[in-house]
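Reader: Could you take me through one part of this model up close? I'd like to hear about the surroundings of the ligand and the elements that supply them.

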Amino acid sequence: MGNSKETLLLEVDVAIIGAGISRIKTAYHLQTKGPRGLSYAILENRSNLSGTWDLSRYPGIRSDSDILTFEFTLRWTLNVTSNNGDSDFDDEKKVRKVVHCRFIVMGAGYYNYEEPLEANIPALESFMGMVVHPQFWPGNMSYMDKEMVIIGSGATAVNLLPSVTDRVKHVTLLQQIPTYILPLPIQDQLSRVLRTLLPASTAGRINGLRFAIASFFLVFYCRMFPNAARRNFTKTITNQLPPNVKVDPHFKPRYNPREQRLCATPDGDFSLRSDQARPPIQLQSGDTLRTDIIVITAGLKLIFAGGINLSVNRVVPIDISQKFVWRGTMIVRELHQMKRKGAVSAVPRLEKPEVMEQRPLFNISSTYIRNTSQVFPKGGVRQWGQNKNYLLDILRAS
Ligand SMILES: Cc1cc2nc3c(=O)[nH]c(=O)nc-3n(C[C@H](O)[C@H](O)[C@H](O)COP(=O)(O)OP(=O)(O)OC[C@H]3O[C@@H](n4cnc5c(N)ncnc54)[C@H](O)[C@@H]3O)c2cc1C
């Protein structure tokens with residue numbers, strides 16, 4: 001692009017990359033609580049808002065977090081600009097549109113929106129049926145009376161399976177490692193009562209806090225008492241299964257709860273509908289896998305910052321895998337503090353990166369998250385450590 005000209009598309013204080021749910025909320029906070037007169041824009045690659053929750057269209061897609069985690073009031077106008085290839089570079093005129101800003105809030109998610117994570121399945125290319133990745137579920141796909149094999153046992157597989165059982169001829173879940181699959185009541189009675197008795201915003205706040213505290217204690221319990229958690233979860237799962245289905249090996253993970261994903265199923269829809277009476281598919285023995293459709297739920301192909309190339313003055317590329325993440329600071333507070341101090345920029349600097357104790361950025365060991373040290377920055381300790389808990393996050397940020 002050496003000869004290309006530039007035209008200024010926008011000049012804002014804060015450019016937010018990505019219009020997924022988390023950055024819509026950042027924009028909301030900037031607009032409602034940020035310093036007066038602050039300008040911002042959201043730059044979004046796709047034509048739709050809300051990222052993951054718009055992209056994912058496979059049957060059964062649902063959040064297994066409580067709805068209050070994602071809930072917030074929206075009574076304002078978003079400044080969203082499309083920054084897809086068409087709008088940021090005009091091929092004919094050779095004009096690159098640029099955005100000037102003082103801050104970038106990176107909210108491009110953590111996985112590749114264009115490419116799925118391929119599972120290592122030998123001879124998959126010779127399979128004559130349909131291979132589907134849930135991330136790219138075809139809108140017009142018919143699976144009525146078809147044989148389906150779902151590969152994987154993470155949240156996607158657990159959500160998908162009960163949603164197709166009514167239509168498919170038969171569905172088999174082919175897993176390498178079982179997952180903890182726990183039933184949760186679809187209706188939370190106390191939330192309901194609070195919503196009836198209190199104004200919506202007060203009930204929302206109380207319920208949000210209840211769920212945050214409950215998840216704090218769940219994580220604490222699993223980390224402090226892994227054996228008890230394992231026993232309790234296994235008992236709960238066993239109680240859900242029909243008598244002819246053994247918890248071991250199909251529903252007995254080799255890892256401790258919270259080391260990898262823990263899947264919730266509304267009213268136990270997954271296990272109650274499980275049919276383990278059929279013989280397992282002996283793939284390694286050479287038997288033919290008879291199916292019309294293979295759905296690969298191997299996880300996500302992780303990328304950092306939506307694959308954006310980061311550089312200093314467009315000259316010095318930044319190798320993000322060599323950087324540490326500074327603790328998540330609330331940008332709104334940072335901006336207020338800078339305004340008070342009359343500062344125009346704030347840069348966290350690690351004086352001696354070579355002596356910083358390195359911690360993984362993610363504290364779960366799911367297969368697709370392992371070996372991502374070349375993709376993501378590093379985690380450290382103290383103010384370079386990551387808060388893994390919402391309540392601690394709030395405490396440390398204040
Ligand atoms: C199938 C699935 C199920 C999940 N279930 C849960 C759950 O139950 N509970 C939970 O808490 N979390 C869940 N997650 C995690 C989920 O990603 C978060 O809940 C939440 O959606 C993250 O929001 P976000 O705004 O950070 O990112 P995203 O929703 O990923 O949004 C990122 C946005 O950035 C845009 N973008 C990407 N690259 C660029 C670029 N270069 N330039 C401009 N824009 C770009 C994308 O188009 C997208 O709109 C799930 C994720 C998946 C994939």
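Author: Here's a walk from the ligand's shell out to the elements behind it. Keep in mind that this is a predicted model, where local features need pLDDT of at least 70, side-chain atom pairs count only at pLDDT 80 or more, and totals for chains, interfaces and linings use all residues. Residues are numbered from 1 along each chain as its sequence is written.

Of the 30 residues around the ligand (C-beta atom, placed from the backbone, within 6 Å of it), Gly-18, Gly-20, Gly-51, Gly-109 and Gly-306 come nearest. Two or more shell residues come from each of helix 1 (21–33), strand 2, helix 2 (52–55) and helix 4 (155–164); helices here are DSSP runs of H or I with at least four residues, strands are E runs with at least two, and both are numbered from the N terminus. Helix 1 gives the largest share, three residues.

Now for strand 2, residues 40–44: five of its five residues are buried, that is, each has 20 or more other C-beta atoms within 10 Å of its own, with C-beta atoms placed from the backbone. In a regular strand the side chains alternate between the two faces of the sheet. Here Tyr-40, Ile-42 and Glu-44 point one way, while Ala-41 and Leu-43 point the other way. Strand 2 runs parallel to strand 1 (residues 5–17), with four bridges joining them; Ile-42 is the bridge partner of Ile-16.

Helix 4 is largely enclosed by the rest of the structure, because eight of its ten residues are buried. Among them are Ala-155, Val-158, Asn-159 and Pro-162.

Technical notes:
Buried ≥ 20, exposed ≤ 12 C-beta atoms within 10 Å, placed from the backbone. Pairing = 2+ DSSP bridges.
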